[in-house]
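Thanks for coming. I have one structure to go through today, and I will keep to what can be computed from the coordinates. Please have a look at it before I start.

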Amino acid sequence: INLVVLAFGEGPVTGQCDLVGAPIIATGTGKATFVLLAPKPGAALVAHVTVQGVVDLVSGGQARVLGTARVTVLPDGTLLFDEERVRLTTL
């Protein structure tokens, strides 16, 4: 997949519009793994996402990127848990 790493620390991203104006840190390619768990109708939705790849830094050079997200959404749409992390390791 194509990757774009943005500088954003304003809390959970609820839509693409939240990211308007966020500076681009790096671009590149990688792969993503999605695991969605919804054990039965009316139960909470749990999503685990992992993204990894190599990106070109806007400041120069390259970095390995590892992004993870764990999210739990209750049946009424309430966000119960949202933990997102992105780590860049220069090459």
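I will go from the overall layout to the core, then to the surface, the salt bridges and a few single residues.

First, what you have on screen is a predicted model. The protein chain has 0 helices and 5 strands, so to give the order from the N terminus, it reads β-β-β-β-β. The C-alpha atoms fill a box of roughly 50 × 25 × 15 Å along the principal axes. The chain has 91 residues, and buried residues make up 18% of them. The accessible surface is about 6400 Å², with 58% of that belonging to carbon and sulfur atoms. On contacts: taking those with a separation of 6 or more, 39% are between residues 24 or more positions apart.

Now the core. Which residues make up the largest nonpolar core? There are 7 in all: Leu-3, Val-5, Ala-26, Val-55, Leu-57, Ala-63 and Val-65. The elements that give two or more residues to this core are strand E1, residues 2-6, along with E3 and strand E4, residues 62-73. As a general remark, nonpolar side chains in soluble globular proteins tend to be buried together.

Take Val-55 as one member of that core. Leaving aside neighbours within four places in sequence, Val-55 is in contact with Leu-3, Val-5, Ala-26, Ala-63 and Val-65, among others. The contact list of Val-55 also includes Thr-27, Gly-28, Gly-61, Gln-62 and Leu-88.

Next, strand E1. Which residues are on its covered face, and which on its uncovered one? Leu-3 and Val-5 form the covered face, while Asn-2, Val-4 and Leu-6 form the uncovered one. In general, side chains in a regular strand alternate between the two faces of the sheet. E1 and E2 run antiparallel and are joined by 5 bridges. Within E2, the residue that stands opposite Leu-3 is Gly-28.

That brings me to the surface. Val-4, on the uncovered face of E1, joins Ile-24 and Val-58 in a nonpolar surface patch of about 290 Å². Ile-24 is in strand E2, residues 24-37. Is Ile-24 buried, partly exposed or exposed? Its relative accessible area is 46%, so it counts as partly exposed, since the exposed class begins over 50%.

Now the charged side chains. How many salt bridges does a search of the whole structure find? The search finds 2. One is between Glu-83 and Arg-70, with the closest N and O atoms 3.2 Å apart. Glu-83 lies in strand E5, residues 79-90, and Arg-70 in strand E4, so this pair ties together parts that are 13 residues apart in sequence. Glu-83 also meets Arg-85 in a salt bridge, again listed at 3.2 Å, N to O. Through shared partners, Arg-70, Glu-83 and Arg-85 are joined into one network. As for accessibility, Glu-83 is partly exposed at 26% relative accessible area, and Arg-70 is partly exposed at 37%. Arg-85 is exposed, at 53%.

Two single residues to finish. Thr-72 is in strand E4, and with a relative accessible area of 14% it is buried. Not counting residues up to four places away in sequence, Thr-72 touches Ala-44, Leu-45, Val-46, Thr-78, Leu-79, Leu-80 and Phe-81. How far is Thr-72 from Thr-89, C-alpha to C-alpha? The pair is 28 Å apart in space, with their positions 17 residues apart in sequence numbering.

The other one is Pro-41, in the loop between E2 and strand E3, residues 45-57 for the strand. Pro-41 is exposed, with a relative accessible area of 82%. Pro-41 and Pro-75 are 34 residues apart in sequence, yet their C-alpha atoms are 8.6 Å apart in space.

That is what I have; I can take questions now.

Note on methods. Residues numbered from 1 in each chain as written. Predicted model: local features only at pLDDT ≥ 70, side-chain atom pairs only at ≥ 80, totals over all residues. Heavy atoms only, no water. Patch = residues over 30% accessible without salt bridge, like charges linked within 9 Å, V, L, I, M, F, W, Y side chains within 5 Å. Areas by Shrake-Rupley, 256 points an atom, 1.4 Å probe, with all protein chains shown as cover. Salt bridge = Lys/Arg side-chain N within 4 Å of Asp/Glu carboxyl O. Helix = DSSP H or I, 4+ residues; strand = E, 2+ residues; numbered from the N terminus. Buried < 20%, exposed > 50% of the residue type's maximum accessible area, 1.4 Å probe, protein only. Core = buried A, V, L, I, M, F, W, Y, C linked by side-chain atoms within 4.5 Å. Contact = heavy atoms within 4.5 Å. Pairing = 2+ DSSP bridges.
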